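Colleague: Please pick one part of this model and go through it closely, with what surrounds it. I would like the cut-offs stated as you go.

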Amino acid sequence: MSKSRKIYLDHAATTPVLPEAADAMRPYMTDVFGNPSSLHSFGQEARRALDGARDTVARILGADASEIYLTSGGTEADNLALIGVTEALADRGNHIITTAIEHHAVLETCEYLRTRGVEVTCLPVDEYGLVDPAEVEKAITDKTILVSVMHANNEIGTIEPIAEISKITREQGIAFHTDAVQTVGHIPVNVDELGVDLLSLAAHKFYGPKGVGALYIRRGTRISPIIHGGAQERDRRAGTENVPGIVGLAKALEISQESIKEHAREETELRDYLIRELFARIADIRLNGHPTKRLPNNVNIVIEYVEGESTLLMLDLVGVAVSTGSACSAGAIEPSHVLKAIGLPLQVAQSSIRFSLGRSTTKEDLDYVLQQLPPIVARLRALSPLAR
């Protein structure tokens, strides 16, 4: 197998756009270019495409089209959910609950809200990254107006008990948001089965274009706009709609949904094969995240005595793209907040690598990785004083 082969195993970061989605978008960048808010035929043709895309997203989520609000991506959807609900319900309270392993789009928004006088409770998770619904219930006060817990973690793949938490929030009359950016298009997601009031998604995580997403807002949920201007998205999100992107989002989601269970089963088999073989071929490794309650395409491991960034770079040299659990900031390697939250010491957290599989991943791809990785680890450990 040639070392010039390129294998992409970072689908949790972004996915390639499906050809069908790109084809669906193309006419709306050239021929059907009207503004959906215009009353003439050019605008109304674009409006029909927009409405059709909204209908598709709603149908797949088990929602009504009037509950789907189109955004520039998952980050904006998260911001709208947290800031919008907090502002709209300020007369009822000023306390929100989240977890220590949320995406930065949620955690940084919570930090912003703190500066606005909002109290934020950030719940811990266990060693698998699971939040305990009982801890959510204990954290609720008479000032609590919103709970936000991600559906599945983007780094370690753990799937959270969203339906159990929603029973608690519903009984207490508290709005419940979930960041489902990693799950929509990969496992079945139904807003009523989950019991959530708000749900964020992003097209580029399920083979759609970047820069477009959506927020589901259950009818009756109070929320204020955070982008002001025109009356688009029923006065909840101003700005001329990205019609090509929205059409691409809907087409990618529709295709992903057609065989979602089959793809999840195939990815789970490949995921488990990779985990088994990694443990068989490399000593002193550990799996991060829950062993079974995890995304079908996620494998996050610690390779002890080896820096994750070094492993990533050496894999890239042989044509394999993965992700590391550490982020570079101001010239220093900082451990992932997720890995810290599950109790990994700094040195161990910096040894993590995430493989995230996709629709095109094959067993042959994984065999190539399994062929390349052990000698890389051996080489790096030979240079590491910690391994001696």
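Modeller: The mean pLDDT of the chain (the predictor's confidence in each residue, from 0 to 100) is 94, and 96% of the residues reach at least 70. Residues 328–332 fall below 50 in pLDDT, and this stretch has four contacts in the model beyond near neighbours in sequence; contact means heavy atoms within 4.5 Å. Where pLDDT is low, the predicted coordinates should not be read in detail. This is a predicted model, in which local features need pLDDT of at least 70 and side-chain atom pairs count only at pLDDT 80 or more, while totals for chains, interfaces and linings use all residues. Residues are numbered from 1 along each chain as its sequence is written, and side-chain values use heavy atoms, with hydrogens and water left out.

The part I take is the seven-stranded sheet. Helices (H or I, at least four residues) and strands (E, at least two) are DSSP runs, numbered from the N terminus. The sheet is open and mixed in its pairing, with the strand order S2-S8-S7-S6-S5-S3-S4. Strands S2 (68–71) and S4 (119–123) are the edges, each pairing on one side only; a pair needs at least two DSSP bridges. On average, and with direction ignored, neighbouring strands are turned by 20° against each other. Strands of a sheet pair through backbone hydrogen bonds, either parallel or antiparallel.

Strand S3 sits beside the edge strand S4 in that order. S3 and S4 pair in the parallel sense over five bridges, and isoleucine 96 has valine 120 of S4 as its bridge partner. Five of the five residues of S3 are buried, so the strand is largely enclosed by the rest of the structure. Buried means under 20% relative accessible area, exposed over 50%, and partly exposed in between (1.4 Å probe, protein chains only). His95, Ile97 and Thr99 point one way from S3, Ile96 and Thr98 point the other way, and all are buried.

Further along, S6 and strand S7 (residues 198–202) run parallel and are joined by three bridges. In this pair, threonine 178 is bridged to leucine 199 of S7. Helix H4 packs on the sheet and touches S3 (95–99), S4, S5 and S6; its direction makes about 155° with that of S3. Angles run from 0 to 180 degrees between N-to-C directions, and axes are lines fitted to C-alpha atoms, for helices over the stretch in contact. Helix H2 (residues 41–61) lies across S2, S7 and strand S8 (213–217), at about 120° to S2.

Both of these helices also have a helix partner. The axis of H4 (residues 104–115) comes within 9 Å of that of helix H3 (residues 74–88), and the two cross at roughly 30°. H3 passes H4 in a right-handed crossing. A crossing is right-handed if the near helix is turned clockwise from the far one by less than a right angle, and left-handed if anticlockwise. Among the residues that make this contact are Leu82 and Ile83 of H3 and Val106 and Leu113 of H4. By class, seven are nonpolar, four polar and one charged; Ala, Val, Leu, Ile, Met, Phe, Trp, Tyr, Cys and Pro count as nonpolar, Asp, Glu, Lys and Arg as charged, and the others, Gly among them, as polar. H2 and helix H9 (residues 243–258) also approach within 9 Å, axis to axis, and cross at roughly 30°, but H2 passes H9 in a left-handed crossing. That contact includes Ala46, Leu50 and Val57 of H2 and Ile246, Ala250 and Leu253 of H9. It divides into twelve nonpolar, two polar and two charged residues.

Two loop residues complete the picture. Valine 149 is in the loop between strand S5 (144–148) and helix H6 (162–172). Valine 149 counts as buried because its relative accessible area is 1%. Leaving out residues up to four places away in sequence, valine 149 touches ten residues' worth of surroundings that include Thr99, Val131, Ile165, Phe176 and Thr178. Valine 149 and phenylalanine 176 are 27 residues apart in sequence, with 8.0 Å between their C-alpha atoms. Threonine 183 is in the loop between strand S6 (175–179) and helix H7 (191–194). Threonine 183 is buried, at 0% relative accessibility. With the same sequence exclusion, threonine 183 touches His151, Ala152, Val189 and Leu295.
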